[in-house]
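Let's take a walk through this model together, from the overall fold to a helix pair and then to the DNA. Keep the structure open beside you as you read.

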2 protein chains.
Amino acid sequence: MSRVDKSAIVRAAEEVVREKGARKLTLDAVAAQCGLSKGGLIHHFRTKQSLLKAMLESAIAREDAGAAACATAGGNLVVSRLSSIFELMEDDEGLPRSLIAAVAEDPALLEPVKVKEAQLRNEISSSYNDPELAQLLILAAQGMFFGRVLGVMEQGDPMLDRLRERLFTLSADLT
Amino acid sequence: MSRVDKSAIVRAAEEVVREKGARKLTLDAVAAQCGLSKGGLIHHFRTKQSLLKAMLESAIAREDAGAAACATAGGNLVVSRLSSIFELMEDDEGLPRSLIAAVAEDPALLEPVKVKEAQLRNEISSSYNDPELAQLLILAAQGMFFGRVLGVMEQGDPMLDRLRERLFTLSADLT
DNA sequence: GTTAAGATACCGACCAGCCGGTTGGTTTGT
DNA sequence: ACAAACCAACCGGCTGGTCGGTATCTTAAC
């Protein structure tokens with residue numbers, strides 16, 4: 001076996017991003033963070049892009065888990081999706097922004113996100129009798145997500161809470 | 001006077017981004033694109049960041065002009081804003097994505113966007129008797145914008161058109 | 001139980017290309 | 001003549017990736 005496994009490396013990479021920002025996500029930095037030499041790191045991820053991909057997949061998995069948890073807790077599809085988006089908005093500070101930066105520069109990384117999103121759209125289309133409205137609610141939440149994560153919206157703004165509330169009440173009315 | 005002015009340089013930079021992507025937006029490339037040496041370029045923009053800032057401001061100005069045009073054509077505030085967002089979504093291919101990448105890595109560039117957005121929120125708050133709903137409509141459009149620009153949503157999707165339509169009908173009902 | 005052999009994990013020095021920015025000079029406009 | 005515009009060679013740091021080697025583990029034959 002190995003002293004470190006891939007998931008530990010991904011966590012280390014996330015840590016680096018959180019502490020130093022996307023621009024400083026360097027192979028040396030990641031290696032140092034998880035107590036590995038660059039050679040050792042490269043042994044696990046042959047290229048930086050593959051590491052980015054793993055980070056993206058990890059993030060997606062986490063978000064999915066959040067949504068699933070809320071879904072079993074009784075929320076409908078849209079409500080649980082909204083919850084997971086807002087949750088993601090709260091806890092991690094700089095990680096989402098950095099992932100956005102990475103993705104914006106390399107569209108190839110998006111593939112997994114794309115399929116997840118397509119799945120979600122299908123589920124919505126077949127679950128609600130006004131799927132467009134349901135879609136729009138999620139899109140609004142995603143808009144808030146980007147606005148918040150990129151720093152356009154202040155987090156202290158009470159407007160933000162009101163909008164969040166409103167989204168939930170609107171989505172509760174969905175059938 | 002000079003053979004080239006700042007706006008020409010900004011246009012050249014946009015061209016580079018559109019052709020080669022954000023990662024390849026290098027001072028040499030921009031200089032070459034507008035027939036200037038790197039030294040000559042640096043004479044106009046002392047640092048790369050200042051060039052990025054100019055690009056951002058130019059983009060904001062364009063989007064504002066679009067919204068203003070629609071506003072004088074009779075649309076209400078939200079409608080004109082939606083129009084300008086969708087317009088931006090259509091015409092430029094890789095530019096918005098690259099600007100997003102730049103901004104995500106350097107939050108300082110966001111300041112102008114931030115104030116514009118704050119202004120817009122204020123106007124909305126005092127113009128509609130359900131400002132939250134108006135906000136949500138714009139946020140949904142922005143969500144679509146990000147989804148489309150980052151490549152998560154396919155542009156051929158008929159769902160996209162339906163959502164756009166729906167947003168306009170909803171915003172037409174605003175008072 | 002021991003050992004030989006192969007594979008896997010890891011190390012760290014090194015390299016080559018890229019890129020932002022500097023500098024010292026030349027041209028061009030007034 | 002003076003300044004602004006511009007040029008082109010150069011520098012230095014950073015970074016992704018390579019490479020030749022060592023250490024640790026697995027397997028299996030004896």
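## Chain A at a glance

Starting at the N terminus, chain A reads α-α-α-α-α-α-α-α-α. That gives nine helices and zero strands in chain A. Please keep in mind that this is a predicted model.

For a sense of scale, the C-alpha trace of chain A extends about 55 × 35 × 30 Å along its principal axes.

## Where two helices of chain A meet

How do helix H4 and helix H6 of chain A pack, at what angle and how far apart? Helix H4 of chain A covers residues 48-72 and helix H6 of chain A covers residues 95-105; they pack at an angle of about 130°, and their axes are 11 Å apart. Because of that angle, H4(A) is oblique to H6(A). If you turn the view to look at the crossing of H4(A) and H6(A), you will find that the crossing is left-handed.

You can pick out the residues on each side. H4(A) brings A:Leu52, A:Met55, A:Leu56, A:Ala59 and A:Arg62, and these meet A:Leu95, A:Leu99, A:Ala102 and A:Val103 of H6(A). By character, the residues of this contact between H4(A) and H6(A) comprise eight nonpolar, no polar and one charged.

## Around DNA strand C

Now for the nucleic acid. Which residues come nearest to DNA strand C? There are 17 residues around the strand, and the nearest of them are A:Ser37, A:His44, B:Thr26, B:Lys38 and B:Lys48. Of the atoms of DNA strand C that come within 4 Å of the protein, 60% belong to sugar and phosphate. The residues of the surface near DNA strand C are six nonpolar, eight polar and three charged.

## Polar contacts with the strand

Three atom pairs are worth finding on your screen. At A:Ser37, a polar backbone atom is 2.8 Å from a phosphate oxygen of DNA strand C. A:His43 uses its side chain: a polar atom there lies 3.0 Å from a phosphate oxygen of DNA strand C. With B:Lys38 the partner is a base oxygen of DNA strand C, 2.7 Å from a polar side-chain atom of the lysine.

Helix H3 (38-44) of chain A and helix H3 (38-44) of chain B are the elements that give two or more residues to the surface near DNA strand C. Which element gives the most to that surface? H3(A) does, with four residues near DNA strand C.

Definitions and conventions
Residues numbered from 1 in each chain as written. Chains lettered and ligands numbered in written order. Predicted model: local features only at pLDDT ≥ 70, side-chain atom pairs only at ≥ 80, totals over all residues. Heavy atoms only, no water. Axes fitted to C-alpha atoms, helices over the stretch in contact; angles between N-to-C directions. Parallel < 35°, antiparallel > 145°, perpendicular 65-115°, else oblique. Left-handed = near helix turned anticlockwise from the far one by under 90°. Contact = heavy atoms within 4.5 Å. Nonpolar A, V, L, I, M, F, W, Y, C, P; charged D, E, K, R; others polar. Near = heavy atom within 4 Å. Polar contact = N/O pair within 3.5 Å; in protein donor to acceptor, adjacent residues only side chain to side chain.
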